Amino acid sequence: MADDHAADLPAIAWLKRRWGRLRPGPAPAGQPPSPPQPRVAVVTDSSAALPEEWTAEFEHAGCFASVVLPVMAGDEIFTDGDDADTALSIALAAGRPVRTSRPAPGQFERVYRGFEQAGFDGIVSLHLSGKLSGTADAARVAAERVGLPVDVVDSRTAGMALGFAVRAAVRAAAEGADAATVRAAALRGLTGAEVFFYVPSLEQLRRGGRIGAAASLVGTVLAIKPILCVRDGLIVPLERIRTAARAVPRLRELAVQAARGRRTPALAVHYFGNRGEAERFAADVAGDLGLPTDDVALSPMPAVLAAHTGLGVLAVIVAEAG
């Protein structure tokens, strides 16, 4: 136990320094008061697939942390990052068994204690669908071990459908909102968010047991290339497409149709091992909607999700901008 607390000290010290810089002194006479400072922290996990520039922005706000979810190939344990993506790509290409597991509650406890020591009033912790992972359960166990309130939210989704909600929550927290307001901002971000994706093969989903209702497609005509989606926290089949050449254009049509049904759409595209294809896809979707290409966020599928989707996945998320 003593070793665990020693390991926590660097994170706690970092948070104290960050919190100290964020706490303003008294405003000089005649000066407007300083903007509100964060009272609530936002925690998520790496399944949110946040683009690097977003993560940097959130960390600058001083009220955000993300817990990396591990992936295992044989005896090796991978975390997110370029090295992990390369190692996972090699493992997938070689057909090596790849699996994920429920994260240890201690991973979340260390982060929660860091914010507690830094003086925050509470935490809103947003996580990958509980029907796909035990991540939210691990966070709940950790929440019971700390002395400040932690509101654990099962997003019932994944990828940037979760990431957009995290962004809404962090922005609310950075403006000094209380926990109830931060949670409400996150839930608004989750409402109506849609995830559509195409995988060249269902094999990884079958091996990982994450295929849900799409299991009925395994063993059918090999030429079928299904479009999948996330509904009620599960991966389910949406449409059966006969060829890969038709699957990607159909994915684009679904994304554009969903975006046009929103007042201010927010879009993201994920990939793994096929960045060039994803860039072209994002540009095509943006062009169809008359948007700048930069308005479609582009980020690799995080390792914890890519371990199940496999190489060549192409996913598009459509949500309502906050």
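The paragraphs below go through this predicted model from its overall make-up to single residues.

The protein contains eleven helices and 13 strands. Of its 322 residues, 51% are buried. Among the contacts with a separation of 6 or more, 75% join residues that are 24 or more positions apart. The accessible surface comes to about 14700 Å², and carbon and sulfur atoms account for 53% of that area.

The interior comes next. In soluble globular proteins, nonpolar side chains tend to be buried together. Here the largest nonpolar core has 78 residues, and the residues with the most contacts inside it are Y112, L126, M160, V166, V182 and F197. Helix α6, which spans residues 160–174, gives the most to this core, with nine residues. A second core, separate from this one, has 26 residues, including F196, Y198, V316 and V318.

Y112 is a useful place to look within the largest core. This residue sits in helix α4, residues 105–117. Its relative accessible area is 0%, so Y112 is buried. Leaving out residues up to four places away in sequence, Y112 touches V43, I123, S125, H127, A139, A142, A143, V146, L148, V150 and V152. One of these partners, A142, is 30 residues from Y112 in sequence, yet the two C-alpha atoms are 7.9 Å apart in space.

Helix α2 shows how burial can be distributed around a helix. An α-helix has 3.6 residues a turn, so residues three or four places apart point the same way. In α2, which covers residues 52–61, the buried residues are W54, F58 and A61. These three lie on the same side of α2 because they cover an arc of only 50° around the axis. On the other side of α2, E52, E53 and H60 are exposed. After the helix comes G62, which has a positive phi, near 80°.

Before α2, the loop that runs from β1 (40–45) to this helix holds A49. A49 has a positive phi, near 55°, although this residue is not a glycine. With a relative accessible area of 7%, A49 is buried, because the limit for burial is 20%.

Aromatic rings are another feature to follow. A pair of aromatic rings is described by the distance of the centres and the angle of the planes. The whole structure has five aromatic pairs. One of them joins F58 and F64, with 5.3 Å from centre to centre and 70° between the planes, an edge-to-face arrangement. Both F58 and F64 are buried. Another pair is formed by F115 and F120, whose ring centres are 5.2 Å apart; their planes stand at 85°, so this pair is edge-to-face as well. F115 counts as buried because its relative accessibility is 1%, and F120 counts as buried because its value is 6%. Ring pairs also link W54, F58, F64 and F164 into a cluster. Two members of this cluster, W54 and F58, were met above among the buried residues of α2.

Other residues are less covered. R183 lies in helix α7, residues 179–190. Its relative accessibility is 29%, so R183 counts as partly exposed. Beyond its neighbours within four places in sequence, R183 is in contact with V124, D151 and V153. R183 and A172 are eleven residues apart in sequence, and their C-alpha atoms are 9.0 Å apart in space.

D232 is found in the loop between β9 (225–231) and β10 (234–241). Like A49, D232 has a positive phi without being a glycine; for D232 the value is about 50°. D232 counts as partly exposed because its relative accessibility is 48%, whereas A49 is buried.

The last stop is N274, in the loop between β11 (265–271) and α10 (275–289). N274 counts as buried because its relative accessibility is 10%. A polar atom of the N274 side chain lies 2.9 Å from the backbone nitrogen of F272. Apart from its neighbours within four places in sequence, N274 is in contact with G312, V313 and L314.

Key. Residues numbered from 1 in each chain as written. Heavy atoms only, no water. Helix = DSSP H or I, 4+ residues; strand = E, 2+ residues; numbered from the N terminus. Buried < 20%, exposed > 50% of the residue type's maximum accessible area, 1.4 Å probe, protein only. Contact = heavy atoms within 4.5 Å. Polar contact = N/O pair within 3.5 Å; in protein donor to acceptor, adjacent residues only side chain to side chain. Arc of directions from axis to C-beta. Areas by Shrake-Rupley, 256 points an atom, 1.4 Å probe, with all protein chains shown as cover. Phe/Tyr/Trp six-rings, centres within 6.5 Å; stacked < 30°, edge-to-face > 60°. Core = buried A, V, L, I, M, F, W, Y, C linked by side-chain atoms within 4.5 Å.
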